[in-house]
Amino acid sequence: RVGSAPAWPRGATLVADGAAVRQLQVMVALRPRAAAAMVALATAVSTPGSPVYRRHLSVTQFARRFGATRGTLAALLRSLRHHGLRVRHVSANALTVYASGSAAQVARAFSTRIVTLRLRDGRDAFMNTAAPALDAAMAPHVEAVLGLDSLTQTRPEGLRVAHGVAHGVARGQRAASVRAHILTGGPQPCAAASAIVRPRNWGPGWTADQVAAAYDFGPLYRAGDKGQGVTIALYEQEPNLRGDVAAFQQCYGTHASVSYVPVDGGSGHGAGSGEAVGDIDQLISFAPKASIIVYDGPSTTPGNSDPILDTIVSQDRAQVISSSWGQCEPEEGIGAARVDNNLLAEAAIQGQTFVVAAGDAGAEDCYVAGVDHNKVVSVDSPASSPWATSVGGTLLSAISPLTETVWNNVLSGNTGGSGTPAGGGGGGISTFWQMPAYQSAAPATLGVISAASSPTPCGAPAGSYCREVPDVSASADPMEGYATFFNGQWQTWGGTSAAVPVWAAIFALADATQGCVNDKVGFVNPALYALAGQSQASYFNDVTSGNNDVLGVSGGRFAATAGYDMASGLGTPKAAAIVAALCPQTLQIHMVSVRRRMRAGRPLAIALRAAVLPAWAGTVAYHASGLPAGVVLNPATGQLSGAPSRLGTYRVSFWLSGSDQSVSARVHSLWTVW
């Protein structure tokens with residue numbers, strides 16, 4: 001047997017001996033070959049200073065090194081067919097096999113019993129009563145068998161404020177001056193979007209230009225970087241109306257490409273809850289020229305989270321993956337989490353940046369008002385994966401000066417009259433994963449390891465600790481939400497779902513810069529923690545007030561402090577500085593011409609010019625090789641002087657180096673001295 005059967009849910013009653021659905025699709029996830037080497041490579045390609053930093057593999061290369069062998073795959077396919085199942089698909093990474101059959105066939109194939117039960121919330125679900133069994137020769141190769149129960153489902157980490165309701169007094173005290181458009185060089189809102197976030201309506205909230213100004217997107221936009229040439233994959237489990245996206249783009253004057261890839265038949269039709277369209281609107285707001293692919297899977301298919309992620313990673317069409325969905329660790333289970341973790345390690349090796357919401361129930365991630373009253377202190381998955389960039393939430397209450405606290409509606413009192421349940425940014429300690437090196441090796445001054453750190457939840461060995469989340473944060477309080485267009489009308493929307501696309505857009509803008517156009521930023525956590533260790537204030541807005549104890553269960557131990565904390569992570573972004581640092585090879589050198597002819601003995605004066613990303617604040621040195629005798633280069637000014645003294649043809653190369661150890665591409669010129 002592999003793994004374990006789920007525990008019988010508290011308060012559930014048996015409905016029938018058998019599944020309530022006729023057909024089941026199961027996902028048999030295989031263990032990576034050379035798993036330790038896979039982890040080592042994922043770490044190396046993502047860590048600045050490594051000899052193989054950003055030398056990413058293709059899906060085919062990954063499958064050859066870490067996927068199951070042909071013999072293992074062939075044996076698994078024979079076994080599944082022998083037990084009466086139909087093999088539907090083998091993923092390109094050679095780690096996942098999808099099979100289907102009737103509920104009775106699936107139960108027999110895995111030597112278990114599948115029953116239907118009614119949960120406390122009135123929903124009917126099915127579950128296996130025993131851990132799935134596989135042929136003895138195959139079991140050691142299998143990580144997990146998913147799809148045998150439908151007890152828990154991933155949920156969106158977004159909150160929408162009901163139209164027409166009033167806010168508490170505190171929400172109307174913002175100065176009217178922040179309502180003016182802010183010219184960042186990026187998308188500008190139409191009057192309808194601006195009106196919906198004004199205090200006299202049911203806002204307030206923020207338009208894209210205001211948030212872009214708060215987080216310093218302006219220098220990137222003014223340099224012409226709006227994400228062009230970059231693809232962002234959006235993970236979704238609900239539909240959206242295409243007309244809503246079109247209305248949003250018409251308002252902001254954008255023309256972003258938005259396409260859809262249905263997974264397992266897609267999620268159906270209609271407006272959905274607003275999660276999908278909110279995610280799309282946010283990405284358009286901050287990376288308006290990126291291409292967006294919405295990977296859309298059903299919310300009702302058991303084990304549905306992994307097929308969507310598996311498809312995104314296996315297709316490898318996107319440099320950045322944005323997800324606003326998750327489950328609390330206790331309800332997901334370690335088997336499914338390991339499958340996700342393997343996929344995210346693969347994404348890191350392939351150079352894909354995975355950004356995900358940390359959750360909207362504060363330190364008590366399982367809790368969902370009116371649905372799930374589990375108040376255990378917990379964190380969200382896959383946000384807790386060591387290979388995920390987990391995004392927490394803040395309350396952004398002013399732009400100039402920037403004023404932020406940890407999002408916690410209970411502490412701020414920002415739910416009065418709204419009808420929106422109290423929420424807060426997710427954060428805390430993982431029960432699944434040990435602390436990765438980018439956290440454990442961070443400078444002590446950053447405070448990642450603190451009195452709140454612990455080895456206990458994940459069973460870390462002595463001297464080690466458990467993974468802490470979030471990594472970063474952004475504005476998320478729905479009572480100060482983002483203007484979006486949902487189901488034919490303007491509304492405001494928030495939650496860590498809304499914070500994730502802000503960071504996903506930053507990484508897309510980084511990938512679009514000249515310095516990264518052929519060098520994807522990939523998994524960014526090691527670089528982000530390294531930057532914060534060098535100078536947190538240069539790259540992040542440190543959030544130092546508030547906590548995420550929404551339900552009063554965690555004792556407020558995940559409180560904001562100077563440096564890193566488990567309520568706001570490293571802080572909110574200074575986008576231009578982060579992009580410049582993630583893509584330091586943004587230095588470019590300009591020549592007056594490619595081919596030059598000059599007279600021997602005649603003095604010359606040529607000035608080289610350097611172009612750098614506007615946010616870059618380092619110093620530049622000029623370098624040359626192959627210069628004719630008699631010609632010298634001033635490394636500080638880029639001025640060429642002297643007189644060539646020897647006839648001939650010279651292939652001269654020029655380049656720049658930066659004080660941050662960046663180096664530009666070389667520019668070559670053919671010189672003839674006669």
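Here is a short walk through some features of this chain, point by point.

1. **The whole chain.** Please keep in mind that this is a predicted model. The chain has 17 helices and 35 strands. Of its 674 residues, 58% are buried. Take the contacts between residues at least 6 apart in sequence: 78% of these join residues at least 24 apart. As you read on, try finding each named residue in the structure.

2. **Helix 9, a covered helix.** A good starting place is helix 9, which runs over residues 275-286 and has 12 residues. From its first C-alpha to its last, helix 9 reaches 17 Å, close to the 16 Å expected at 1.5 Å a residue. How many of the residues of helix 9 are buried? The count is 12 of its 12 residues, so this helix is mostly covered because a residue counts as buried when its relative accessible area is under 20%. The buried residues of helix 9 include charged-looking names you may recognise from a list of amino acids, among them Glu275, Asp279 and Asp281. Val277, Ile280, Leu283 and Phe286 are among the buried residues of helix 9 too.

3. **Helix 12 and what follows.** Helix 12 covers residues 334-350, which gives 17 residues. Its first and last C-alpha atoms are 24 Å apart, close to the 24 Å expected at 1.5 Å a residue. Why can helix 12 be called largely enclosed by the rest of the structure? It is because 14 of its 17 residues are buried. Just after helix 12 comes Gly351, with a positive phi near 85 degrees.

4. **Asn341, inside helix 12.** One residue of helix 12 to look at is Asn341. Its relative accessibility is 10%, so Asn341 counts as buried. If you set aside neighbours within four places in sequence, Asn341 is in contact with Ser385, Pro386, Trp387 and Trp433.

5. **Gln319, a buried loop residue.** Gln319 sits in the loop between helix 10 (305-315) and strand 14 (320-323). Is Gln319 buried or exposed? With a relative accessible area of 17%, Gln319 is buried, because the cut-off for that word is under 20%. The side chain of Gln319 reaches the backbone nitrogen of Thr231 at 2.9 Å. Beyond its neighbours within four places in sequence, Gln319 is in contact with Gly229, Val230, Thr231, Gly351, Gln352, Thr353, Asp511 and Lys520. You have already met one residue of that list: Gly351 follows helix 12.

6. **Gly569, another loop residue.** Gly569 is found in the loop between strand 25 (540-541) and strand 26 (572-573). Its relative accessible area is 0%, so Gly569 is buried. Which residues does Gly569 touch, not counting those up to four places away in sequence? They are Pro470, Asp471, Val472, Gly563 and Tyr564. Pro470 is 99 residues from Gly569 along the chain, and the C-alpha atoms of these two residues are separated by 4.9 Å.

7. **Thr405, partly exposed.** Thr405 lies in strand 19 (residues 403-406). At 28% relative accessibility, Thr405 counts as partly exposed. Thr405 touches Thr394, Leu395, Val543 and Ser545, leaving out residues up to four places away in sequence. Between the C-alpha atoms of Thr405 and Gly393, which are 12 residues apart along the chain, the separation is 9.0 Å.

8. **Helix 15 against helix 17.** Two packed helices are described by the angle between their axes and the distance between the axes. For helix 15 (residues 496-512) and helix 17 (residues 575-582), the angle is about 45 degrees and the axes are 9 Å apart. These two helices are therefore oblique to each other. Helix 15 passes helix 17 in a right-handed crossing. On the helix 15 side, the contact is made by Trp503, Ile506, Phe507, Leu509 and Ala510; on the helix 17 side, by Ala575, Ile578, Val579 and Leu582.

9. **Helix 16 against helix 17.** Helix 17 also packs with helix 16 (residues 525-539), at an angle of about 140 degrees and with the axes 11 Å apart. That angle makes helix 16 oblique to helix 17. Here too the crossing of helix 16 past helix 17 is right-handed. Ala527, Leu528, Leu531, Ser538 and Tyr539 of helix 16 meet Ala577, Ile578, Ala581 and Leu582 of helix 17. Ile578 and Leu582 of helix 17 take part in the contact with helix 15 as well.

Methods: Residues numbered from 1 in each chain as written. Predicted model: local features only at pLDDT ≥ 70, side-chain atom pairs only at ≥ 80, totals over all residues. Heavy atoms only, no water. Helix = DSSP H or I, 4+ residues; strand = E, 2+ residues; numbered from the N terminus. Buried < 20%, exposed > 50% of the residue type's maximum accessible area, 1.4 Å probe, protein only. Polar contact = N/O pair within 3.5 Å; in protein donor to acceptor, adjacent residues only side chain to side chain. Contact = heavy atoms within 4.5 Å. Expected span 1.5 Å × (residues − 1). Axes fitted to C-alpha atoms, helices over the stretch in contact; angles between N-to-C directions. Parallel < 35°, antiparallel > 145°, perpendicular 65-115°, else oblique. Left-handed = near helix turned anticlockwise from the far one by under 90°.
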